[in-house]
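Colleague: I'm new to this one, so could you walk me through it and tell me how you back up the labels you use?
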Amino acid sequence: MAGMAPLTRDQILRTAIRIADHEGPEAVTLRRISTELGVHVTSLYNHVPTRDAITDGIVEVLLTEAKLPVTPVPWEEWTRHFFAAMGTIATTHPGAFHALQQRPAQGSRATASFEIALAAFVQAGFSAVDAYSAVKTVALLAVEVGLERSKAARGEVLETRLDELPVDAFPLVRSIAATATPEDVWAFALETLIAGLRAQLGTRSANRGDHEPS
């Protein structure tokens, strides 16, 4: 149509994110996006030829919005920043966030901060292989916590039916459930992760010391 602005990849991805956030990730299809944009589905193919390409693009957009470090930082700072950023993205985009569980980061733009993270762990004393394991562990936990946050943002909190459990048989479960919050668990998970990584680094430093000539 004359006067219509050309379709862009960013426009397509933003539409996909909006659909996912309002209706869930399963609602995101090429045909649904084309309907929302008022174009024929074939118009999308030059920008996002497949469903996987859409998911990759959503991951790219979300990681860009997360504003992860792209300049050198200490490993603990990167870990805390990444964990917090995933929590924010999960709350802001509770439907689109699921893309981070479906596809790994693709391309230089989405991968930039992970290069920074690997360098931070290597600088701290990990081998390249252990640095990868550390970054992967941080990502796995942060995304899993993010999924819980996204469910909470959508009002889909899953809880055990404690009212069906007798108090005398489950006193601790009943008492903890009355006081513990999801935020307590998420914070505990982060601190446990950091403590574990710090312990791993300490072990490797000690082992290197054992092999140094006296």
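Modeller: Sure, and keep in mind that this is a predicted model. Let's start with α6 and α7, which pack at an angle of about 125° with their axes 8 Å apart.

Colleague: What makes α6 oblique to α7?

Modeller: Angles of 65 to 115 degrees count as roughly perpendicular and those over 145 as roughly antiparallel. About 125° falls in neither range, so α6 is called oblique to α7. The crossing of this pair is right-handed.

Colleague: Which residues of α6 and α7 meet there?

Modeller: From α6 you have Phe114, Ala117, Leu118, Phe121 and Val122, and across from them in α7 are Ala128, Ala131, Tyr132, Ala134 and Val135. By class, that contact has 10 nonpolar residues, no polar ones and no charged ones.

Colleague: What about α3 and α6: at what angle do their axes cross?

Modeller: Roughly 50°, and the axes come within 8 Å. Angles under 35 degrees would be roughly parallel, and the perpendicular range starts at 65, so α3 also gets the label oblique to α6. The crossing of α3 and α6 is left-handed.

Colleague: Which residues make up the contact of α3 with α6?

Modeller: Glu60, Leu63 and Thr64 in α3 meet Arg109, Ala110 and Phe114 in α6. That contact divides into 3 nonpolar, 1 polar and 2 charged residues.

Colleague: Why is α4 called roughly parallel to α7?

Modeller: Their axes cross at roughly 25° and come within 8 Å. The cut-off for roughly parallel is under 35 degrees, so α4 and α7 qualify. Their crossing is right-handed.

Colleague: Which residues of α4 take part in the contact with α7?

Modeller: On the α4 side they are Trp78, Thr79, Phe82, Phe83, Met86, Gly87, Ala90 and Thr91. Their partners in α7 include Val135, Val138, Ala139 and Ala142. By class, the contact has 12 nonpolar, 5 polar and 1 charged residue.

Colleague: How do you know whether Trp78 is buried or exposed?

Modeller: You check its relative accessibility, which is 0%. Buried means under 20%, so Trp78 counts as buried. Trp78 lies in helix α4, and leaving aside neighbours within four places in sequence, it is in contact with Pro69, Val73, Ser113, Phe114, Ala117, Val135 and Val138.

Colleague: And Ile194, buried or exposed?

Modeller: Its relative accessible area is 1%, and with the cut-off at under 20%, Ile194 is buried. You'll find Ile194 in helix α9. Not counting residues up to four places away in sequence, Ile194 touches Trp75, Glu76, Thr79 and Arg80. Its C-alpha atom is also 9.0 Å from that of Val138, although the two are 56 residues apart along the chain.

Colleague: What makes Asp130 partly exposed?

Modeller: Asp130, in helix α7, has 23% relative accessibility. Buried would need under 20% and exposed over 50%, so Asp130 lands in between, as partly exposed.

Colleague: Where does Lys67 lie, and why is it called exposed?

Modeller: Lys67 lies in the loop between α3 and α4. Its relative accessible area is 63%, and the bar for exposed is over 50%, so Lys67 is exposed.

Colleague: What is the phi of Lys67?

Modeller: It is near 55°, a positive value in a residue other than glycine. For background, most residues other than glycine have a negative phi.

Colleague: Let's finish with the core. Which residues touch the most other members of the largest nonpolar core?

Modeller: Ile33, Phe82 and Met86 do, out of the 58 residues in that core. The elements giving two or more residues to this core are α1, α2, α3, α4, α5, α6, α7 and α9. Of these, α7 gives the most, with 9 residues.

Colleague: And which residues does Phe82 touch?

Modeller: Not counting residues up to four places away in sequence, Phe82 touches Leu68, Phe114, Val138, Ala139 and Ala142. As a general point, nonpolar side chains tend to be buried together in soluble globular proteins.

Conventions: Residues numbered from 1 in each chain as written. Predicted model: local features only at pLDDT ≥ 70, side-chain atom pairs only at ≥ 80, totals over all residues. Heavy atoms only, no water. Core = buried A, V, L, I, M, F, W, Y, C linked by side-chain atoms within 4.5 Å. Buried < 20%, exposed > 50% of the residue type's maximum accessible area, 1.4 Å probe, protein only. Helix = DSSP H or I, 4+ residues; strand = E, 2+ residues; numbered from the N terminus. Contact = heavy atoms within 4.5 Å. Axes fitted to C-alpha atoms, helices over the stretch in contact; angles between N-to-C directions. Left-handed = near helix turned anticlockwise from the far one by under 90°. Nonpolar A, V, L, I, M, F, W, Y, C, P; charged D, E, K, R; others polar.
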